[in-house]
Amino acid sequence: KIPSHRAGALYDIETPPAGATRPAGSWNEARILFTGARIEHWLNGVKVSESSYGDDAWRAKVAASKFRTMPEFGLAARGHIALQDHGDRVWYRNIRIREM
């Protein structure tokens, strides 16, 4: 219902284009590239999000999001990866993390 919360979004910060996901019941393929200064998110071969990271533009995006009251949000260059759902059944497969 909220475009910046759709699959492929940089949650509440970057809104993905409509139609990037495959139909319910189909697998989506995601690729996230994080270089420390840039984030790219690809969904089913389409770049759905691109953002700088850690600079003034990033801080402005965070300040305009639901995360504005979390002073540590989006500052770590390393850490945990979280997978999220909202109470619906979800499946994940073939998750790979590699340092580039």
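What pattern does the chain follow when read along the sequence? The pattern is β-β-β-α. This is a predicted model, and its secondary structure amounts to three strands and one helix. The radius of gyration is 14 Å, close to the 13 Å that the globule rule gives for 100 residues, so the chain is as compact as a globular protein of that length. Along the principal axes, the C-alpha trace spans about 40 × 35 × 25 Å.

Burial and surface come next. Of the 100 residues of the chain, 24% count as buried. The area that the chain exposes is about 7900 Å², and 53% of it is supplied by carbon and sulfur atoms. As for charge, the chain has 15 positive and 11 negative charges, and the mean positions of these two sets are 6 Å apart. Contacts can also be sorted by sequence separation: among those between residues at least 6 apart in sequence, 33% join residues at least 24 apart.

The aromatic side chains give some local detail. A pair of aromatic rings is described by the distance of the centres and the angle of the planes. How many aromatic pairs does the structure hold? There are four aromatic pairs in the structure. One of them is formed by Tyr 53 and Trp 58, with 5.0 Å centre to centre and 50° between the planes. This pair counts as tilted, because the tilted class covers angles that are neither under 30 degrees nor over 60. Tyr 53 and Trp 58 are both buried. Elsewhere, ring pairs link Phe 67, Phe 73 and Tyr 11 into a cluster.

The backbone has its own points of interest, beginning with two asparagines. Asn 44 has a phi near 55°, a positive value in a residue other than glycine. Where is the place of Asn 44? Asn 44 is in the loop between β2, residues 38-43, and β3, residues 46-52. Asn 44 counts as buried because its relative accessibility is 17%, which is under the 20% limit for that class. Asn 94 also has a positive phi, near 55°, and is likewise a residue other than glycine. Its place is in the segment after α1, the helix of residues 56-63. Is Asn 94 buried or exposed? With a relative accessibility of 55%, Asn 94 counts as exposed, since the limit for that class is over 50%.

Two glycines lie in the segment before β1, and they can be taken in turn. Gly 8 is located in this segment and, at 9% relative accessibility, counts as buried. Which residues does Gly 8 touch, not counting residues up to four places away in sequence? On that basis, Gly 8 touches Pro 16, His 41, Leu 43, Val 48 and Ser 49. The C-alpha atoms of Gly 8 and Arg 31 are separated by 9.9 Å, while the two residues are 23 residues apart along the chain. Gly 25 is also in the segment before β1, the strand of residues 30-34. Gly 25 has a relative accessible area of 85% and is exposed. From the C-alpha atom of Gly 25 to that of Val 90 the separation is 9.7 Å, with these positions 65 residues apart along the chain.

The segment after α1 supplies further pairs of residues that are far apart in sequence. Trp 91 is found there and is exposed, with a relative accessible area of 56%. Trp 91 and Trp 27 are 64 residues apart in sequence, and C-alpha to C-alpha they are 8.9 Å apart in space. Arg 98 is found in the segment after α1 as well, and at 62% relative accessibility Arg 98 counts as exposed. How far are the C-alpha atoms of Arg 98 and Leu 33 separated, and what is their distance along the chain? The C-alpha separation is 10.0 Å, and Arg 98 and Leu 33 are 65 residues apart along the chain.

Definitions and conventions. Residues are numbered from 1 along each chain as its sequence is written. This is a predicted model: local features need pLDDT of at least 70, side-chain atom pairs count only at pLDDT 80 or more; totals for chains, interfaces and linings use all residues. Side-chain values use heavy atoms; hydrogens and water are left out. Helices (H or I, at least four residues) and strands (E, at least two) are DSSP runs, numbered from the N terminus. The radius of gyration is taken over C-alpha atoms; the globule rule is 2.2 Å times the number of residues to the power 0.38. Buried means under 20% relative accessible area, exposed over 50%, partly exposed in between (1.4 Å probe, protein chains only). Contact means heavy atoms within 4.5 Å. Accessible areas come from the Shrake-Rupley method with a 1.4 Å probe; for residues, only the protein chains shown count as cover. Lys and Arg count as positive and Asp and Glu as negative; His and the chain ends are not counted. The place of a charge is taken as NZ of Lys, CZ of Arg, CG of Asp or CD of Glu. Rings of Phe, Tyr and Trp (its six-membered ring) pair if their centres lie within 6.5 Å; planes under 30 degrees apart count as stacked, over 60 as edge-to-face and the rest as tilted.
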